[in-house]
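Dear colleague,

Here is the structure I promised to pass on to you, with the sequence beside it. Please keep it open while you read, and follow each part of my notes on the model itself.

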Amino acid sequence: MAGKDVLLSVDGIKATYNGAITALHGVSFTLHRGEILALLGANGAGKTTTLKAISNLLPAERGEITAGSILYEGRDVTTATPAQLVRAGLVQVLEGRHCFRNLTIEENLVSGGLGRSGSRAEIAFDLEKIYALFPRLKEKRRALAGLTSGGEQQMTAIGRALMSRPALLVLDEPSMGLAPIVVQDIFKTLRRLNVETGLSILLAEQNSAIALRYADRAIVLESGVGVLSGEATELRQRDDVKAFYLGQKPAPAPAFTPTSLPAA
Ligand SMILES: Nc1ncnc2c1ncn2[C@@H]1O[C@H](COP(=O)(O)OP(=O)(O)OP(=O)(O)O)[C@@H](O)[C@H]1O
């Protein structure tokens, strides 16, 4: 990746909750501008904690970063507030597809653009772009978000984040609880957005199969440390990744046959 522009650099991050539980033991990685990077790992591996450390959301849960640094566009952002980060273009979609349940889908989307002090025309323009990405949201724009499907709520949460025109979209488990076809649809849209606009994406996923299909690179976390990283296409071919993260059995060893013996 030499020569590529580093957008986010996470270096040796350690994090604790309640000053007692250590969730991260020194996580490090870089994300280059324009790439999709996936954080993989089982339950409790530290994916969400890593994302919340980046977005400075740990204090809300009595968590804190105790060591390491996080640079975004070359600046240390470990003490930047979440609002400052959003203004700087770093926006997180939390796990659980949070929407304002009593607002319509369109009101949810518009709320995402309010912090940018864009004109009405700009907001209307951005809204149309979101509807072009997620036509389903246009059909349902007058529906209360709380009464729509899980997939529509996830699209709404992503669309609302996009309304703030991020440079780096951080997504926590976008596939969680959704039907495979909806997950596929959402990942295809994220990839399209990445290719067409250069949007950088950092996503945490337990669904390693889908993440490795759409990401450029991935980091695997176990018990708060990175244990593996590489190009997604390479990781997909590794037997240990297939066995532990893709639920595939390694190919059986070739059967021994007498004909494979060298001639006497
Ligand atoms: N608010 C919290 N208070 C105390 N401990 C927490 C809190 N959130 C997470 N932890 C602990 O930190 C560790 C890492 O959890 P984290 O949620 O970051 O993992 P994860 O990889 O995102 O898992 P999952 O896929 O289940 O969300 C776990 O041991 C977890 O129990």
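Strands β7 and β8 (residues 200-205) run parallel and are joined by five bridges, and in this pairing L169 stands opposite I201 of β8. Please bear in mind as you look at these strands that the model is a predicted one. On another strand, β6 (residues 90-93), β7 has a further parallel partner, with four bridges between the two, and there V91 stands opposite L169 of β7. In general, strands of a sheet pair through backbone hydrogen bonds, either parallel or antiparallel.

Is β7 enclosed or open to the outside? Five of the five residues of this strand (residues 168-172) are buried, so β7 is largely enclosed by the rest of the structure. L168, V170 and D172 point one way from the strand, whereas L169 and L171 point the other way, and all of them are buried. This fits a general pattern, in which the side chains of a regular strand alternate between the two faces of the sheet.

Some of these residues return in the largest nonpolar core, which has 63 residues, and in which I13, A38, L169, V170, I201, L202 and A218 touch the most other members. Both domain 1 (1-89 + 166-248) and domain 2 (97-165) give residues to this core, so the core lies between them. If you would like to follow one member in detail, I201 touches I36, L169, L171, L190 and N194, when residues up to four places away in sequence are not counted.

The two domains themselves come from a domain assignment of the protein chain, and their centres, taken over C-alpha atoms, are separated by 24 Å. Where they meet, the contact takes 10 residues from domain 1 and 11 residues from domain 2. On the side of domain 1 that touches domain 2, helix α7 (residues 180-197) gives the largest share, with four residues. The residues on that side divide into eight nonpolar and two polar, with no charged ones.

There is also an open sheet of four strands, whose order is β2-β1-β4-β5 and whose pairing is antiparallel. Strands β2 (21-32) and β5 (75-76) stand at its edges with a single partner strand each, so one side of each is left without a neighbour in the sheet. Strand β1 (residues 6-17) pairs with β2 over nine bridges, in the antiparallel sense. Along this pair you can find V10 opposite F29 of β2, and T16 opposite T22 of β2. The hairpin that β1 and β2 make has three residues between the strands, and in it N18 takes a positive phi near 55°.

Which residues are closest to the ligand? They are Y17, A23, K47, T48 and T49, out of 13 residues that surround the ligand. Two elements, β2 and α1 (47-54), give two or more residues to this shell, and α1 gives the most, with three residues. Sorted by class, the shell holds four nonpolar, seven polar and two charged residues.

Helix α1 is mostly covered, since seven of its eight residues are buried, namely K47, T49, T50, L51, K52, A53 and I54. After α1 comes N56, whose phi is positive and near 55°.

Finally, I would ask you to compare two residues, S119 and E122. S119 lies in the loop between α3 (105-113) and α4 (120-133), and it is exposed, because there are 9 other C-beta atoms within 10 Å. E122 has its place in helix α4, and it counts as partly exposed because it has 13 C-beta neighbours inside 10 Å. Each of them can also be paired with a residue 41 places away in sequence: S119 and T78 are 31 Å apart in space, C-alpha to C-alpha, while E122 and M163 are 10.0 Å apart by the C-alpha to C-alpha distance.

With best wishes

Definitions and conventions: Residues are numbered from 1 along each chain as its sequence is written. This is a predicted model: local features need pLDDT of at least 70, side-chain atom pairs count only at pLDDT 80 or more; totals for chains, interfaces and linings use all residues. A nonpolar core is a set of buried Ala, Val, Leu, Ile, Met, Phe, Trp, Tyr and Cys residues joined through C-beta atoms within 7 Å. A residue is buried if 20 or more other C-beta atoms lie within 10 Å of its own, exposed if 12 or fewer, and partly exposed in between; C-beta atoms are placed from the backbone. Domain bounds come from an automatic or database domain assignment. Two residues are in contact if their C-beta atoms, placed from the backbone, lie within 7 Å. Two strands pair if DSSP finds at least two bridges between them. A residue is near a molecule or strand if its C-beta atom, placed from the backbone, lies within 6 Å of it. Ala, Val, Leu, Ile, Met, Phe, Trp, Tyr, Cys and Pro count as nonpolar, Asp, Glu, Lys and Arg as charged, and the others, Gly among them, as polar.
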